[in-house]
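Q: I am new to this structure and would like a close look at one part of it. Please pick one place to start, and then lead me from there to the rest of the chain.

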Amino acid sequence: MAPTSEEEDAEVASGEAVDALLAVVSEVSALPEIRGPLSRMCCDLARRVKLLLPLFDELRDDPDSIGLIELRSLESLCATIVEAKDALRLVNEGSKIYQVLRREKFERLFLKVTESIEKALDAINLDRLNISIEVKEQTELVQAQLHRARGSMESHDLLSRDLNLALHENHTDPIVLKRISEKLQLKNKSDIMKESLSLHEMVTSSDGELDVSVEQMSSLLKKLKDCVLENSGSASIETTASFAKHIPPVIPDDFRCPISLELMKDPVIVSTGQTYERSYIQKWLESGHKTCPKTQQPLTHSTLTPNFVLKSLIAQWCDANGIELPQKQGSFQDNKLGNNSDCNHSGIAILLRKMVKGNQEEQRAAAGELRLLAKRNADNRICIAEAGAIPLLIQLLSSTDPRTQEHAVTALLNLSINEDNKSLIVKANALPKIVEVLESESMEARENAAAALFSLSVIDQNKILIGEAGAIPVLINLLCRGSPRGKKDAATALFNLCLYQGNKVIAVKAGIVGHLRRMLVDATGGMVDEALAILTILASSQEGKVAITNSELIPLLLKLMKTGSARVRENAAALLFSLCNGDELQLRAVKGLGAEEALKDLSETGTERAKRKAGSLLGLIHQITEVSGGDSSAKL
């Protein structure tokens with residue numbers, strides 16, 4: 001009996017829910033290891049989330065077993081794991097000093113996330129799902145761990161006592177400071193600098209409404225910095241340092257003004273691309289000169305563009321070398337962004353005017369400057385977007401100058417790192433223009449356009465819009481004919497877009513399966529992993545499964561299972577299971593090709609996931625063998 005449209009819709013929804021769960025667990029797995037005062041809580045939460053991966057793997061292979069009630073529970077579970085991912089990212093990118101001073105706040109956050117995941121898991125009736133006993137037992141183990149975790153927050157009495165001493169004593173014992181620095185994982189100059197940046201970003205984004213004293217945190221950071229620097233050298237180094245500390249550091253040539261040869265405080269760019277100290281180049285121009293002092297090339301215009309990126313690098317160098325950089329008279333920084341931000345409203349306004357009214361060279365330079373600023377930090381991305389740069393950058397995507405087009409699409413890519421900017425970019429109708437850039441002359445522009453589409457596709461609704469904008473056939477073209485990096489960017493974007501069922505159909509109709517098959521044949525291209533991953537996603541749809549089956553891929557998958565790397569063997573087995581599950585014809589074809597030997601080897605020597613897939617496939621093959629034997633006996 002053919003399935004009804006309601007049943008087909010339910011199957012599609014189940015597949016999408018499982019794909020979403022796999023994607024968010026993958027994002028959690030990709031987060032760097034978290035160090036510092038909350039490392040135990042973070043590691044435990046991340047580990048428990050990753051332990052759910054086998055459950056989602058098996059559900060992806062058999063979405064038919066997911067009923068409506070289970071589907072709603074899985075969607076709820078996905079939302080709670082997204083909360084867990086956001087909590088882990090918040091800790092990873094945040095100030096360790098703030099985290100330890102407000103530990104109770106973070107404990108409440110993690111407790112809430114843990115309870116939410118436990119509640120969502122409890123709502124799933126595992127007995128109604130077609131999963132193996134091993135996976136069911138592992139899921140139940142995670143449930144038990146989550147339940148126990150609610151009442152087992154660590155005690156940090158010694159650290160609390162040390163912090164109290166460090167915060168309230170003018171001259172803290174170095175031993176106490178050393179214990180704090182080790183517990184917070186602030187052990188070297190690089191750790192201190194990262195903590196300083198995290199603290200600064202937190203303060204500036206809070207608009208002064210923090211629940212802890214900024215002065216206390218800054219004071220503690222300074223004490224820890226002095227302690228770390230004091231302990232970083234041996235006695236002999238300290239002796240040398242005491243002799244050499246009066247010798248000023250050598251200023252890098254790139255930081256000197258070509259006119260004065262002094263350290264630049266307010267670097268600006270002229271039309272030739274050279275950078276000078278503002279006051280000196282202004283005097284040069286006011287004296288009637290029409291050429292670049294360094295290159296002697298004619299200046300096409302007298303506009304001076306602030307070099308925010310170089311200014312930021314100079315400020316970092318000064319801070320690292322204990323040099324106080326005098327502030328330029330009359331300059332101001334946007335208070336919302338803080339004193340260490342790379343950009344201010346007046347500087348951004350200058351760049352936007354050039355993008356609107358400037359000639360081609362000025363537009364190119366302005367777009368390039370915004371590209372670098374947007375890459376620099378989170379504050380810049382907010383500032384640039386709020387200034388109204390996004391619509392202007394989108395207009396430059398149609399520029400006839402390849403370099404300008406490249407700068408514009410890369411600036412949009414960097415801006416899209418901010419979640420709010422993703423929506424702003426799509427609402428400004430950028431998608432058709434970005435798709436056009438995918439077919440431009442510049443390979444770097446095409447690479448970054450693909451990366452921008454991947455970034456934007458993180459929002460589920462955008463997956464639909466990107467597919468409707470015609471991106472998928474063009475991405476497939478880049479996947480086949482792009483540079484190595486372009487192929488990787490296209491594969492990543494296609495994988496994410498094909499999590500949406502409608503895009504799978506578009507990709508199949510565009511002939512993606514044939515292209516991916518050629519990538520598997522030409523293993524030297526370095527795209528085997530990516531090809532298998534996309535094929536596995538496509539196999540969860542009926543259209544994809546039919547196309548893959550018709551491409552006669554099974555012999556190639558068996559070969560990869562025997563000769564590929566551990567990851568390739570695992571992905572080949574997962575794809576083979578998706579193709580054979582519920583399809584007796586394919587199972588018999590696999591058996592006829594002698595797959596059992598390769599599967600037995602994989603079930604013993606492969607990764608955990610590979611062993612599960614190989615074992616499941618062997619079980620299916622044995623089932624059809626037993627059925628065939630029974631039929632044969634009856635005939636006799």
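A: Let's start at Asn 429, which sits in the loop between helix H20 (419–427) and helix H21 (431–437). Please keep in mind that this is a predicted model. The backbone of Asn 429 deserves a look, since its phi is near 65°, a positive value in a residue other than glycine. Is Asn 429 buried or exposed? With a relative accessible area of 52%, Asn 429 is above the 50% cut-off, so it counts as exposed.

From this loop, let's move along the chain to Glu 447, a residue of helix H22 (residues 443–456). Here the setting changes: Glu 447 has a relative accessible area of 8% and is therefore buried. Val 437 lies 10 residues from Glu 447 in sequence, and the C-alpha atoms of the two are 9.3 Å apart in space. What does Glu 447 touch, if residues up to four places away in sequence are not counted? Its contacts are Ser 483, Arg 485, Gly 486 and Asp 489. Two of these neighbours are also linked to Glu 447 through side chains. The side chain of Ser 483 makes a polar contact of 2.4 Å with that of Glu 447, and the side chains of Arg 485 and Glu 447 are joined by a polar contact of 3.2 Å.

Next comes Leu 475, which brings us to the nonpolar interior. Once neighbours within four places in sequence are set aside, Leu 475 is in contact with Leu 438, Ala 450, Leu 453, Ala 490, Ala 493, Leu 494 and Leu 497. Leu 475 and Leu 538 are the residues with the most contacts inside the largest nonpolar core, which has 99 residues. Helix H31 contributes the most to this core, giving eight residues. There is also a second, separate core of 43 residues, with Val 18, Leu 22, Cys 42 and Leu 55 among its members.

Let's stay with H31 for a moment. This helix runs over residues 566–580, and at 1.5 Å a residue its 15 residues should span 21 Å; the end C-alpha atoms are 21 Å apart, so the model agrees with the expected length. Of those 15 residues, 13 are buried, which means that H31 is largely enclosed by the rest of the structure. Just after H31 comes Gly 582, whose phi is positive at about 85°.

Now let's turn back to an earlier stretch of the chain, where the strands are found. Three strands form an open sheet in the order S2-S1-S3, with antiparallel pairing. Strand S2 (275–277) and strand S3 (305–306) are its edges, each pairing on one side only. Strand S1 (residues 267–269) pairs with S2 over three bridges, in the antiparallel sense. One bridge can be picked out by name: Val 268 has Tyr 276 in S2 as its partner. In the loop between helix H13 (278–286) and S3 you will find Gln 296. Like our starting residue, Gln 296 is a residue other than glycine with a positive phi, near 65°. Gln 296 has a relative accessible area of 48%, so it is partly exposed.

Helix H14 (residues 308–320) also has the length you would expect, because its 13 residues should span 18 Å at 1.5 Å a residue and its end C-alpha atoms are 18 Å apart. Phe 308 belongs to H14 and is buried, with a relative accessible area of 6%. Although 41 residues separate Phe 308 from Pro 267 in sequence, their C-alpha atoms are 7.7 Å apart in space. Other buried residues of H14 include Leu 310, Ile 314 and Trp 317. The cover over the buried residues of this helix includes S1, S2, S3, helix H15 (345–357) and H16. Gly 322, just after H14, has a positive phi of about 70°.

That cover leads us to helix H16 (residues 360–376), where Gln 363 lies. Gln 363 has 17% relative accessibility and so counts as buried. Leaving out residues up to four places away in sequence, its contacts include Met 355, Val 356, Leu 396 and Thr 404.

Finally, let's step back to the whole chain. It holds 34 helices and three strands, and 48% of its 636 residues are buried. Among contacts with a separation of 6 or more, 70% are between residues 24 or more positions apart. About 31,200 Å² of the chain is exposed, with carbon and sulfur atoms supplying 52% of that area.

How values were computed:
Residues numbered from 1 in each chain as written. Predicted model: local features only at pLDDT ≥ 70, side-chain atom pairs only at ≥ 80, totals over all residues. Heavy atoms only, no water. Helix = DSSP H or I, 4+ residues; strand = E, 2+ residues; numbered from the N terminus. Expected span 1.5 Å × (residues − 1). Buried < 20%, exposed > 50% of the residue type's maximum accessible area, 1.4 Å probe, protein only. Pairing = 2+ DSSP bridges. Core = buried A, V, L, I, M, F, W, Y, C linked by side-chain atoms within 4.5 Å. Contact = heavy atoms within 4.5 Å. Areas by Shrake-Rupley, 256 points an atom, 1.4 Å probe, with all protein chains shown as cover. Polar contact = N/O pair within 3.5 Å; in protein donor to acceptor, adjacent residues only side chain to side chain.
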